[in-house]
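Q: Hi! I have a protein model open and I'd like to go through a few of its features with you. Can we start with one of the helices?

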Amino acid sequence: MDNIERLYKCYEILSEAGDKISEHVAEYKEILQAVKGTSKEKRLASQFIGNFFKHFPELSDTAIDAQFDLCEDDDTQIRRQAIKDLPKLCQGNAEATIRVGDTLAQLLILDDATELQQVNNSLLSIIKLDTKSSITGLFQQITTGDEPTRERCFKFIATKLLTMGPNVITKEIEDYIVDEVKKALQDVTADEFHLCMTILGATKLGSTITGHAELVKLATEQAELNSTDTDAIAVDDEVVERFIQCATAAAPYFSKTIKSTQFVSYVCDKLLPIDTWNLIATAVSQDQIQLRLLKVFAEMITYTDKLENANERINAVYNVLLEYMPLPKLSDEDVADTPPSFQFSHAECLLYALHTLGKKHPGNLTFIEDAEKLKDFRARLQYLARGTQGYIKKLEEALKGKTGEELNTEENRLKQTALKTTSNINILIRDLFHSPPIFKHDIVLSWIVPKSSKLGKRHVPITFGDKGAANGNQETDQQDKKSRPSNEQKFYSPPSGKYSGKVNPNYGNNNNNNRGRQRGGGGGGGFRNRRYRY
């Protein structure tokens, strides 16, 4: 009798043994030994191991290891079969489910799209069998795995697990997910931080005021607003980057109830003092990093409470604003020779911040009490208004008569956003040019897309392509990574002024080196210093 026939014989004996199956340990051991045989023997062993697994608890570790061996076989067909058969080990066995969940989590980094799809299918199968044990294995890899594995696990949770409906994601399971993600936040990269906040925003936390407050608290803790030395900020771009990332994550949850005062105060006290401001990102992409900071600052300032030390904090905004409002030319001839050149995106943010703070603190605009400062400010406003109005006219001419298809080109979309930016600046200037300034108008910042006022819709979900890696399509996942904008920001340069059209946070800088897979139950990725590594 050859080995294949013997395997079928063992299968027959075990299938027909009934209540006496536990007496046939030798036959089950023969099946386990077949994982070292030929390709056909391995495929049969993969199918048979799980069928009788529950009847031989004393051999459970040996059986699980044998199945895991097949999952790492050199033959793709055998690997797929073994991955497909893994859920058989999980029926009624919580310990085995945790180990299988851990191993499948490690396999999420596979390159082959078909294999990866099978990993996803098997993970979903065991989650339906025993949700708590399955995701316990998943979170073991989030705790101990390397960065590529952790990222894939977070993406699986965000795109697959949380979409499985209330029959699977019960209140108990959601509470467990929330608790485990909070633990993971103690040591994360920038990419992982945003994935964690996306996951938490898709849970109950994203649908209640108290949940929004908790999400803001988590972002505040990550930003370390109370522990950063002012001197360190000037020389450490990572501190600025971390603040931008955390503020961006918190921004969707600020409201009339949940105030942004702590973040706004931090910007005014730590980042806007002119000596610090001029040192931010001096090495590369200074304009871009400063603009990203100003944009999130402008978004948050709408929901700030009244500020302590309002005079000093408003002056910090005012002094940086002057950097983007040059003095007029000496004569009309000079103006004709050299058109005004402004950074309108920066100016919009700072004018809006000054206007908003002025509305909340009308008695704290100290520059209007100094005749020379007020004269200087009004002259700068007038010069900016001249450049803005000229730019608006040129933009309107450029966009006039364009069809819908023509307006959808990248250049014309930039022009439309530029028109919103300069129109906002024009409105703000009209208010601030009054003597004393008035705060009559409300504007919507040029890059803001109106959002639903319903709770639970405030967070913006992160997507990973149509069929990203978490869905079993490695190629799309790689394309998604490649399609992320780089640090180079696109500018639309009109005849008068400069407009910056696209800002990208460029999250994280993961090192995608794969490691050898561990045998379920927590692998040991040996990560150190993962907290906000850029």
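Q: Which residues of α18 are buried?
A: In helix α18, the buried ones are Ala310, Arg313, Ile314, Ala316, Val317, Tyr318, Val320, Leu321 and Leu322. Buried means under 20% relative accessible area, exposed means over 50%, and partly exposed lies in between (1.4 Å probe, protein chains only). Helices here are DSSP runs of H or I with at least four residues, numbered from the N terminus.

Q: Anything I should know about the model itself?
A: This is a predicted model, where local features need pLDDT of at least 70 and side-chain atom pairs count only at pLDDT 80 or more, while totals for chains, interfaces and linings use all residues. Residues are numbered from 1 along each chain as its sequence is written, and side-chain values use heavy atoms, leaving out hydrogens and water.

Q: New topic: how many salt bridges are there?
A: The structure holds 19 salt bridges. A salt bridge is a side-chain nitrogen of Lys or Arg within 4 Å of a carboxyl oxygen of Asp or Glu.

Q: Which residue does Arg99 pair with?
A: Arg99 forms a salt bridge with Asp65, and their closest N and O atoms are 3.1 Å apart. Arg99 sits in helix α6 and Asp65 in helix α4, so the pair ties together parts 34 residues apart in sequence.

Q: Is Arg99 buried or exposed?
A: Arg99 counts as buried, at 14% relative accessibility, while Asp65 is partly exposed at 29%.

Q: And what about His355, where is that?
A: His355 lies in helix α20 and is buried, with a relative accessible area of 3%.

Notes. Helices (H or I, at least four residues) and strands (E, at least two) are DSSP runs, numbered from the N terminus.
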